[in-house]
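Hi,

Here is the structure I promised to pass on. Have a look, and my notes follow below.

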Amino acid sequence: MATPGTKHDDATLVRTTEALRGALAKPLAPGLHLVSTPIGNLGDITLRAIATLAAADVIYCEDTRHSRTLSTHFGFAAPLKPYHEHNGDVARPQVLAALAAGQRVALISDAGTPLISDPGYKLVRAAIAAGHLVTCVPGASAALAALTVSGLPTDCFLFAGFLPPKSAARVARLRELQMVPATLVFYEAPSRVAAAVADIAAALGNREVAVARELTKLHAAVVRGPAGIVAARLDAEAPPGEFVIVVAPAAAGVVTDAMIEARLETALTEATVRDAAQVVAEALGVARGRVYELALELKRRSREA
Ligand code: SAM
């Protein structure tokens with residue numbers, strides 16, 4: 001019988017238990033296993049993640065205290081050892097030695113998929129170079145979760161990790177990305193999310209964005225709309241939590257003033273205003289007069305600065 005409010009019945013429970021038993025019964029090969037873990041909701045762990053972590057000889061993680069919650073929740077017996085950006089150079093030879101001894105080594109991060117804005121890249125390179133088996137147990141990742149609920153194009157996207165923390169560097173990075181014909185996905189710290197979205201509005205034009213917060217958790221929410229409006233809303237509400245910012249691709253054929261200015265900044269270091277305007281206008285396929293006016297304005301601003 002299904003519990004009121006749910007749709008499963010005993011058959012689902014039996015089948016799910018059998019599936020987990022089957023996964024647990026499979027032997028785990030020696031090697032490095034990159035295991036994705038939930039990004040907030042422990043129910044998002046996969047059967048293979050449970051089976052792999054249950055069979056591992058050792059589980060390397062970013063923070064042993066943090067991962068103890070997961071380990072205790074599912075009853076994993078393997079010792080937890082730290083592998084993070086500050087101890088990687090010391091820990092890596094130890095992991096490689098364990099692999100050379102034929103151990104089954106799991107690597108997890110605090111949440112989501114290891115290596116995605118998380119440690120592990122150098123370890124994977126070293127394990128491959130040493131000829132060890134490297135496998136993955138895919139699962140949750142905040143970037144893909146946010147992309148899917150964003151309502152923005154999913155056919156082509158660029159995951160660009162964290163933006164620089166300071167506004168000037170952030171704007172410079174955004175300008176590098178402004179011509180990319182893809183949806184952009186960024187991770188962002190709660191203290192900077194409003195400022196980052198405001199910089200997106202300034203540097204990329206008032207594109208549609210979706211800011212996904214606390215995905216899979218109790219207070220999960222997505223704020224969608226033009227970047228300027230979303231930035232003002234985030235600024236006013238200053239909600240805590242973890243955030244992913246998803247930005248619509250540059251509209252095909254639309255060249256914003258910000259795009260022209262970004263090109264001009266480089267061109268003006270090498271050419272006169274007239275020549276720079278000519279080169280940039282041709283490169284972007286826009287009227288030379290418009291570019292010339294913007295170049296004069298840039299020159300005026302740089303003289304005043
Ligand atoms: N490796 C992880 C993954 O695959 O999602 C990401 C690690 S990165 C250090 C942590 C960042 O991911 C957070 O600062 C936030 O931007 C994003 N993030 C993680 N969990 C999230 C969640 N539940 N909702 C929204 N963003 C999340």
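Which pocket is the space taken by the ligand? That space is the largest pocket (on a 1 Å grid over the protein atoms alone, an open set of points where a 1.4 Å probe fits, with protein on both sides within 12 Å along at least five of seven lines).

Before you dig in: this is a predicted model, where local features need pLDDT of at least 70 and side-chain atom pairs count only at pLDDT 80 or more, while totals for chains, interfaces and linings use all residues. Residues are numbered from 1 along each chain as its sequence is written, and side-chain values use heavy atoms, with hydrogens and water left out.

Now the ligand's polar contacts (pairs of N or O atoms within 3.5 Å). One ligand oxygen atom lies 2.8 Å from a polar backbone atom of Thr113. An oxygen atom of the ligand is also 2.8 Å from a side-chain N or O atom of Ser141, and a ligand nitrogen atom is 3.4 Å from one in the side chain of Glu242. On its own the ligand has 570 Å² of accessible area, and the protein covers 90% of that (Shrake-Rupley method, 1.4 Å probe).

As for domains (bounds from an automatic or database assignment), the chain divides into domain 1 (7-140), domain 2 (143-247) and domain 3 (257-304). Domains 1 and 2 each give at least three residues to the shell around the ligand. The C-alpha centres of domain 1 and domain 3 are 52 Å apart.

Cheers

Methods:
Polar contact = N/O pair within 3.5 Å; in protein donor to acceptor, adjacent residues only side chain to side chain. 1 Å grid on protein atoms, 1.4 Å probe; cavity = no way out; pocket = protein on both sides within 12 Å on 5 of 7 lines; lining within 4 Å. Sits in = over half its atoms within 2 Å of the grid points.
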